[in-house]
Amino acid sequence: MKDTKSAAAPASNVPPGPSYWRRTRRAAWLAAALWAVVALLLPLVAQQLEVLAILGIPFGFYLGEQGVLIFTALLLLLLVRRQGRIDADHGLDG
Amino acid sequence: MESQNGARSRGRLGPGFSPLTGALATGSDLLSGAVLLGFTGVLAALGQDGLALIAGLSGGLLLGGALVVPHLQRCGLRGPLHLIAERFGLSARIAAALVLMAVSGVLLAAEIGALGTALSVVSGLGRPEALALAALAVLLAGLAASSRGMTRLQAMLFPLIAAALALPVMLPALGAGGVPIPQLTFGTTLQAISDLELRLLEKELADPVSLKAYLTPFNAITPIGALLLSLSVALGLASLPRVLSRPALAATGYRARLTVALSAVLVLLAALALAPAAASIRLGILSGLVGRDPAALDPWLLELGRLGLVKVCGANAVSADAVTAACAALADPPTVLRLHEIEVDQAAALFALPGLSGLPIAVTISIAVVVALAALAAATWLVVTLRHELAGRGSEPEDASLDAAPSSGAAAMLARALAVFVVPLAAFWASTEPADLTELLAWGLSLAAAGLAPSVLAAIWWSRATPAGAFLAIVAGVSLAAYYIVATRYFAPQFYETWSALSNAGFGAIADYETARDAFAAAADEERAAALATLHAEARRVANWWGIKPAMAGAMGAAVGLLVLVLASAVTPRSTLAQRELLARMRGGHAEHYHHIRRWHWRRK
């Protein structure tokens, strides 16, 4: 990504430049990493957290059938907001 | 190449559906007929171990929505093949097109299988006739349907799909005066299943070897296996046009991202009833069928048995007499049915739910109609997206707003012919009953994960990825996954003999395989067919690398594809200037960015 690391963030209504991409990249990969932790890694240790029953459902089961879906939907909604802010800061309308 | 303001101009002329419509359609597509039947079947049979599929489903939306969709939208690209074509050129495009055809074929086989089963349940048609009718319906719909029409249709289907999952769980609770919210009573249902499993074991009505405890994880799958399965499904979905192309066509980046996020919310809402429905099926089988007199089975069960969807004592449960005869013929004839003597086909579990809950047959028929519509719509959408992707940019009326040069009518015709050619092949394959619905879905998504995901992600996120690197990654990834899936399914004995050192099979399974192999070698001519079938069945249990199941081959193929991509990109010529300009446009860079890239490109020359 050498080619994205020059010049400062431009003002609105001119091309947004490299800081736009840096922030976009960070937000997107952070979401992917958080998903991987909760959906891929957490189930591996969920058995050890079975004491934490939710609505009477053992934690591991709850995580798999509902928790991961809730987390994913929240992550995507937060990403919409975050990217919206990044776009606005760089004078883009999305 | 598209001009810089191309993406903006689509805002006025875009495809004209709101993020909510796109999300409803995507949600309905993700909960397709094969997913509805397959996922409930797997969850009912395996309990917690089936949940890795749901993680994969969520991952498809997350990875697609965060890492791929916004960048396609920004550059006015409607799908992964268009991205690969623009970023990596013709060779990679052709390789990716072949992969997409194979993936679509496998996924179509699953949807046609689900549609066939649902049609059988609705009309009582036999399996071959139902599959032929299903294939014909998909073929005609795939030829006639437009992208916009399918989006509207699938959006309208979503409430029906959600209702088909929720009503069979809510109606019995309402009838009993209980709380009709599945999630609130779900914990109690799970507890009841666990208690019942223990009780059946004590009464010797369940086999301790074959019983998969519903609430105990990693019974049917290892922890790493669950991770690989989730990853295969997620990467596969995140690189397929069936998920990407609707949000990618949105008028603005905001609307594209919102479409994906709303899809996730809708899938969540509908899937709230998925696990409770599966648990109710399991509870119904444990409490309603196990311990029954084999001669006194309910008419709804015999109805499913007549369609080949329920077996009791190893024979199709077509009538009370047939069941009694089959059970009497067992070495250890039961007086009452034991758990391992009842086999409900994975594709029939959802259709058994109303009967198990004491609901009238009309509910089963209604669910089957919704499943048939969901499968037909998803299969049609697969054909439509394949058609669009093969034809290239600007070939469809929906693309009129893209300022790409329209591809010729001949290209669109060829794409249509190729897409439609896949349907009969898929239907024929489905008729050979290659695997369960979820297995088929996982195979298709594995091929996509192995063949497309590394190149799609690298096209956006790695500026040094080269056309040759992408081409080789596609070929290497998909070859490995396809070899693993095909060899372990159709050539299991040869696979095991070649790779026995890598198999993680236990001594018992290996001994069974060796016995079957020796029996086959010694079999007389008239016994050879039966001995060969046994040999293949035993070989499938031992044919693997490190215990990886074929459904997880996508993660393995994607890892190899990524490695090949990195190594090959390091030693092959860089992308052309035009291909690199696409990257700059994705990254929000314009004039100064281009200038920077041009200078770099020039220096390399």
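Trainee: How many residues does the contact take from chain B, and how many from chain A?

Mentor: This is a predicted model, in which local features need pLDDT (the predictor's confidence in each residue, from 0 to 100) of at least 70 and side-chain atom pairs count only at pLDDT 80 or more, whereas totals for chains, interfaces and linings use all residues. Residues are numbered from 1 along each chain as its sequence is written, while chains are lettered from A and ligands numbered from 1 in the order in which they are written. Two residues are in contact if their C-beta atoms, placed from the backbone, lie within 7 Å. On that basis, the contact takes 50 residues from chain B, and from chain A 47 residues.

Trainee: Which helix of chain B gives the largest share of the side that touches chain A?

Mentor: Helices here are DSSP runs (H or I, at least four residues), numbered from the N terminus. The elements of chain B that give two or more residues to this side are helix 4 (52–74), helix 9 (182–202), helix 10 (223–238), helix 12 (253–271) and helix 27 (591–604). The largest share, eleven residues, comes from helix 12 of chain B.

Trainee: Which helix of chain B gives the most to the largest nonpolar core?

Mentor: A nonpolar core is a set of buried Ala, Val, Leu, Ile, Met, Phe, Trp, Tyr and Cys residues joined through C-beta atoms within 7 Å, where buried means that 20 or more other C-beta atoms lie within 10 Å of a residue's own. The largest core has 233 residues, and B:V371 is among those with the most contacts inside it. The most, 19 residues, comes from residues 361–391 of chain B, which form helix 17.

Trainee: Which residues is B:V371 in contact with, leaving aside its neighbours within four places in sequence?

Mentor: In general, nonpolar side chains tend to be buried together in soluble globular proteins. Once those neighbours are left aside, the contacts of B:V371 are B:G33, B:L36, B:L37, B:A114, B:A118 and B:A164.

Trainee: How many residues of helix 5 of chain B are buried?

Mentor: Helix 5 of chain B spans residues 80–88 and is mostly covered. The buried residues include B:H82, B:E86 and B:R87 as well as B:L81 and B:F88. The count for this helix is nine of nine.

Trainee: Over which residues of chain B, with 25 contacts beyond near neighbours in sequence, is the pLDDT below 50?

Mentor: Chain B has a mean pLDDT of 88, and 92% of its residues reach 70 or more. The stretch with 25 such contacts and pLDDT below 50 in chain B is residues 397–406.

Methods. A residue is buried if 20 or more other C-beta atoms lie within 10 Å of its own, exposed if 12 or fewer, and partly exposed in between; C-beta atoms are placed from the backbone.
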